[in-house]
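Hi everyone, thanks for making the time. I'd like to walk you through a structure that is new to most of you, so have it open while I talk.

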Amino acid sequence: MSLVRSRFMAWRFSFLSNTRTLNPNHNCAAPFSTSFLVTKTPKKLKKKRKAKGSPRTNPVQSEPNRIPSLERIVQRDALLRFVIRSKQYLSSQTEHVLRLDDAGKLHRELGFPRGRKVSRFLHRHPLLFQTYRHTDGKTWMGFTDLMEDLLAEEHSLMDSLELDRVHKVRKLLMMSARHRIPLSKIHHCRTLFGIPDDFRDRVSKYPNYFKIVVDHDGKRVLELVNWDPLLAVSALEKEFVVDEDSAKKKFRFPLKYGKDLDLESKDNRRLDLLNSLPLVSPYSKGNNFDVWTLEAEKYRVGLIHEFLSLTLEKRASIHHLVEFKDEFSLTKHTYQMLQKQPRAFYLAGTEMNWVVFLKDAYDGNGVLIHKDPQLLFNDKLYKYAQLDQMEPEPLQD
């Protein structure tokens, strides 16, 4: 055993001696040095890898299929998010003011990116928002006199449109699975339909239409009191009466193995009719359908069409549809379902944050064909939001 150990120690000493002589840091340099060779590829010669796409950034539409005018509407919404959300939030505050230090922590409520200074966004809209030094020595933000006048004008407009908004809510309740929707959901999506901020207080004026109940979890829920058959007529059904051919061509529901049926041309046309128009009313008991049947898909497509027709701008985001997912018996495949109906719907934005439009509601320039009075007011608000100062009034002759 001692002989083996002594041989191992001799070999180890020999190995260490050889490595020292080949060490370039040693006094005796290696006879064949390769230090002059480039061992790494310079950055400028490296091939740049394409950034991996993600649902957050991938556009829904490929370039040939994009409708620029509708895509610009989505971009405009992003630019005006601060104006819209700050207007809503400040309107709910006492005297319509908020301390600037507190505003900096409310990036989600006020609609500006996290980590940015709220003052930057206030200065972009000087006709609508202002800052001032309070007697407490703190800086506060609030509305300008112009904005206060616009809010008073909007409140008056809401009063004049109240009955129309009541009918919209009634139709939403009639479409819902159990004819009931939590008040919080209606309040969250109120601007989508032009519903006033104080709608929850106005409900008590219509006991023949609504009642408020409290669920076991403490949520206040709005329930339908009376079913109105005159309201249970969808926009698609009205369109079918006016222009039957146009309505038939709007949707397509291909049947699997349809070509293998070997039908005559007359029967083929009948089958095509059954698979083109959503004949299932959005006001039927959709939650009773088998989820994956053609009948259920027709119901869901028709329901989303009717839902969009009730909105002010005939469009809605994924967040609005998800809000009513349970009430409208929607599935997680709603995105794919809408993509299969490009004649009726246009999806804009990105895969994670998309917006669906009713295509027929817009002209070739991306302008709504029929505008609600609330939208005319919004256009005026957005115009002031993009100005630095008031335009001079034209001189009177």
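**A walk through the sheets, one helix pair and two side chains**

Let me begin with one pair of residues: Val-97 sits opposite Gly-142, and that glycine belongs to strand S3. Before I go on, please keep in mind that this is a predicted model.

First, the overall picture. The protein chain has 397 residues, and 39% of them are buried. Its secondary structure adds up to 18 helices and 9 strands. If you take the contacts between residues at least 6 apart in sequence, 65% of them link residues at least 24 apart.

Back to S3, then. Which strands does it sit between? The order in this open sheet of 3 strands is S1-S3-S2, with antiparallel pairing. So S1 and S2 are the edge strands, and because each has a single partner strand, one side of each has no neighbour in the sheet. On average, neighbouring strands here are turned by 25 degrees against each other, if you ignore direction. Now look for helix H3, residues 81-91: it packs on this sheet and touches S1, S2 and S3, and its direction is at about 100 degrees to that of S3.

Let's go through the pairings. Strand S1, residues 97-99, is joined to S3 by 3 bridges. On the other side, strand S2, residues 129-133, has 5 bridges to S3, and those two run antiparallel as well. If you want landmarks there, Tyr-132 has Trp-140 in S3 as its bridge partner, and Arg-133 faces Thr-139 in S3. S2 and S3 form a hairpin with 5 residues between the strands, where Gly-137 takes a positive phi near 85 degrees. And is S3 mostly covered or mostly open? Mostly covered: of the 5 residues in 139-143, 4 are buried. As a general reminder, side chains in a regular strand alternate between the two faces of the sheet.

Next, a helix pair. Helix H7, residues 145-160, packs with helix H18, residues 373-385, and their axes are 11 Å apart at an angle of about 175 degrees. That angle is why we call H7 roughly antiparallel to H18. What does the contact consist of? Its residues divide into 9 nonpolar, 1 polar and 3 charged. On the H7 side you'll find, among others, Leu-146, Leu-150 and Leu-157, and on the H18 side the list includes Phe-377, Leu-381 and Tyr-384. The charged ones are in there too, with Glu-153 and Glu-154 from H7 and Lys-380 from H18.

Now a single side chain, Ser-176. Where is it? You'll find Ser-176 in the loop between helix H8 (162-175) and strand S4 (180-182). Its relative accessible area is 3%, so Ser-176 is buried. What does its side chain reach? It comes to 2.6 Å from the backbone oxygen of Leu-173, and a polar atom of the Ser-176 side chain also lies 3.2 Å from the backbone nitrogen of His-179. Leaving out residues up to four places away in sequence, Ser-176 touches Ile-181, Glu-327 and Phe-328.

Ile-181 is a handy bridge to my next stop, as it stands opposite Leu-222 in strand S6. S4 and S6 pair antiparallel over 3 bridges. S6, residues 220-224, also takes 5 bridges from strand S5, residues 210-214, again antiparallel. In that pairing, Lys-211 has Glu-223 in S6 as its bridge partner. S5 and S6 make a hairpin with 5 residues between them, and Gly-218 in the turn has a positive phi of about 90 degrees. S6 is mostly covered, with 4 of its 5 residues buried.

Last one: Glu-237, in helix H12, residues 235-242. Is it buried, exposed or in between? In between: its relative accessibility is 33%, so Glu-237 counts as partly exposed. Its side chain reaches the backbone nitrogen of Ser-234 at 2.8 Å. Setting aside neighbours within four places in sequence, Glu-237 is in contact with Ala-232 and Ser-281. And to show how the chain comes back on itself here, the C-alpha atoms of Glu-237 and Pro-278 are 9.5 Å apart, with these positions 41 residues apart along the chain.

That's my tour; happy to take questions.

Methods:
Residues numbered from 1 in each chain as written. Predicted model: local features only at pLDDT ≥ 70, side-chain atom pairs only at ≥ 80, totals over all residues. Heavy atoms only, no water. Buried < 20%, exposed > 50% of the residue type's maximum accessible area, 1.4 Å probe, protein only. Pairing = 2+ DSSP bridges. Polar contact = N/O pair within 3.5 Å; in protein donor to acceptor, adjacent residues only side chain to side chain. Contact = heavy atoms within 4.5 Å. Axes fitted to C-alpha atoms, helices over the stretch in contact; angles between N-to-C directions. Parallel < 35°, antiparallel > 145°, perpendicular 65-115°, else oblique. Nonpolar A, V, L, I, M, F, W, Y, C, P; charged D, E, K, R; others polar.
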